[in-house]
Amino acid sequence: MSEKVIQYLKENREALLKKLNDFLSIPSVSTDSTYKQDVEKAADFLVDYLEELNFEQVIKQKTSGHPLVYGEYNGAGSDAPTVLFYGHYDVQPVDPIEQWESDPFQPEVRDGRLYARGSSDDKGQVFMHFAVFEAYLKTEGVLPVNIKVCIEGEEEIGSENLYEILQEQKAKFQADFAVISDSGMIAKNQPTILYGLKGFTGIEITVTGPDHDLHSGMYGGAVRNPIMALSHILASMKNEDEVITVDGFYDDVEPLTQEERELIKKAPSEDFVESTGIPKTVSEKGYTPEEHTMGRPTFEVNGMYGGYQGEGTKTIIPTDATAKITCRLVPGQDPEKIQQLLEDHVYKHAPSGVTVEVKKEKLSSKAYKVAPDHPLIQKAAESYTEAFGKETVYVRMGGSIPVVEWIDAIYGMPIVLLGFGTPEDRLHSPNESFPLDSFDKGMETLVYYWRKVKEQ
């Protein structure tokens, strides 16, 4: 039954790519008000496409920022499941523009890749779903499942309005499960089930000493140096075995099971030494680098500044020093509790002679995990394997997607992460691209998946 749909995608590939290129040509940069009209134009593109497909209740919902695109398809019947499909149409800025080999908003194919801002994150992957909807409707006249489409324009700026909308309009977005294609595979043409994401939280520590910079010769030995004080605090928070030494940090951590460790071991892995240029990998004692990045919490200093930064020497004791810290969390950990534990530790270990201030990161989220043997996940794995001709592997990701945790918390529905990007896509960087292999085989995967879900 799926052959007609896949044949349509093959026969209309060039027309679909042209339509995708039109979408990618719209500079929908959400963080820059200069592009406000272009963000609206990208939303209009999706509204027009949904109306062309005869979706119902298609709206461009206004927010205090950029609009959210919504539409429904109910033609599969009451016995078919209803799926909430989430994605985003906004993109990152293109800076530094001089590092692009082609115009970021004039899509170009080179060596089997489509180069453009948003080609992988997330316009290309959103478009693939729309194209599959089109293929089903043009060949069979009906989709296998009912669909609720939720495509926002603020993901790249923290989804500023989405949480409130999802909470206030629960009935509107309620579904049997959700599908999100805003992630990737661990290698090109390696079908990958992403069954878990880490949570996220952080703090900023500022240590203040004298009310102005001091001559280090005249005051050294009498005045505590804020940079040194901050360094002592940071050194007390994680040891050389990469074990976090904040009291209570690991108390609620859901441990990695032996079954999960076997799944991680089976998945092809990035060569961290080769890809990052480091001399050697380091990870939490007792865990491999892959186990640590996927299934154990982390503590990282993302930035530290204070004192003189110019050329040569300036002999001062600086007035203050600041560090920015983030933690990736695993199932069981609560972001607010972790923030409080970090703050308590900082004040407990702050040396005398300085004052310390802790600011808590506002954008936090819990980790998400779905059982790898969940029927919806198994059908996704089968669909990947059928399309790519390769056994699907199972991984958890070290990154965070806050909307996943929000949908889980508000609706309690299973979430299937059907991503088709690759590690070479250069997300958020110059020369972002998307492999055409992923475009073709990814759409095949979706064709098979909707059919399998319908037949369950």
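Trainee: Cysteine 150, buried or exposed?
Mentor: Cysteine 150 is buried, with a relative accessible area of 2%. Buried here means under 20% relative accessible area, exposed means over 50%, and partly exposed is in between, with a 1.4 Å probe and protein chains only. Keep in mind that this is a predicted model: local features need pLDDT of at least 70, side-chain atom pairs count only at pLDDT 80 or more, and totals for chains, interfaces and linings use all residues. Residues are numbered from 1 along each chain as its sequence is written, and side-chain values use heavy atoms, with hydrogens and water left out.

Trainee: Thanks! And cysteine 327, buried or exposed?
Mentor: Cysteine 327 is buried, at a relative accessible area of 0%.

Trainee: How many disulfides does the structure hold?
Mentor: Zero. A disulfide would be a pair of cysteine sulfur atoms within 2.5 Å.

Trainee: Switching to charges: how far is glutamate 290 from the nearest side chain of opposite charge?
Mentor: That side chain is arginine 261, and it is 9.9 Å away; glutamate 290 is buried yet has no salt bridge. For the bridge, a side-chain nitrogen of Lys or Arg has to be within 4 Å of a carboxyl oxygen of Asp or Glu. On charge, Lys and Arg count as positive and Asp and Glu as negative, while His and the chain ends are not counted.

Trainee: Where does glutamate 290 lie, then?
Mentor: In helix H11, residues 289–295. Helices (H or I, at least four residues) and strands (E, at least two) are DSSP runs, numbered from the N terminus.

Trainee: What does glutamate 290 touch?
Mentor: Leaving out residues up to four places away in sequence, glutamate 290 touches Ile264, Ser269, Glu270 and Phe272. Contact means heavy atoms within 4.5 Å.

Trainee: New topic, backbone. Which peptide bond to proline 96 is cis?
Mentor: The one from aspartate 95, with omega near -5°. Proline 96 sits in the loop between strand S3 (82–88) and strand S4 (108–110). The bond from aspartate 121 to aspartate 122 is also cis, with omega near 0°, and aspartate 122 is in the loop between strand S5 (113–115) and helix H4 (123–139). Most peptide bonds are trans.

Trainee: What about phi for glutamine 57?
Mentor: Glutamine 57 has a positive phi of about 50° although it is not a glycine. Glutamine 57 lies in strand S1, residues 56–61, and counts as exposed at 53% relative accessibility. Aspartate 111 has a positive phi near 50°; aspartate 111 is in the loop between S4 and S5 and is exposed at 80% relative accessibility.

Trainee: On to rings: how many aromatic pairs are there?
Mentor: The count comes to 15 aromatic pairs. Rings of Phe, Tyr and Trp (its six-membered ring) pair if their centres lie within 6.5 Å; planes under 30 degrees apart are stacked, over 60 edge-to-face, and the rest tilted. Phenylalanine 55 and tyrosine 73 have ring centres 5.7 Å apart and planes at 45°, so that pair is tilted. The pair links distant parts of the chain, with its residues 18 apart: phenylalanine 55 is in the loop between helix H3 (36–52) and S1, and tyrosine 73 is in strand S2 (residues 68–73).

Trainee: Which residues form the aromatic cluster with Phe55 and Tyr73?
Mentor: Phe23, Phe45, Tyr49, Phe85, Phe127, Phe130 and Phe133 join Phe55 and Tyr73 in one aromatic cluster.
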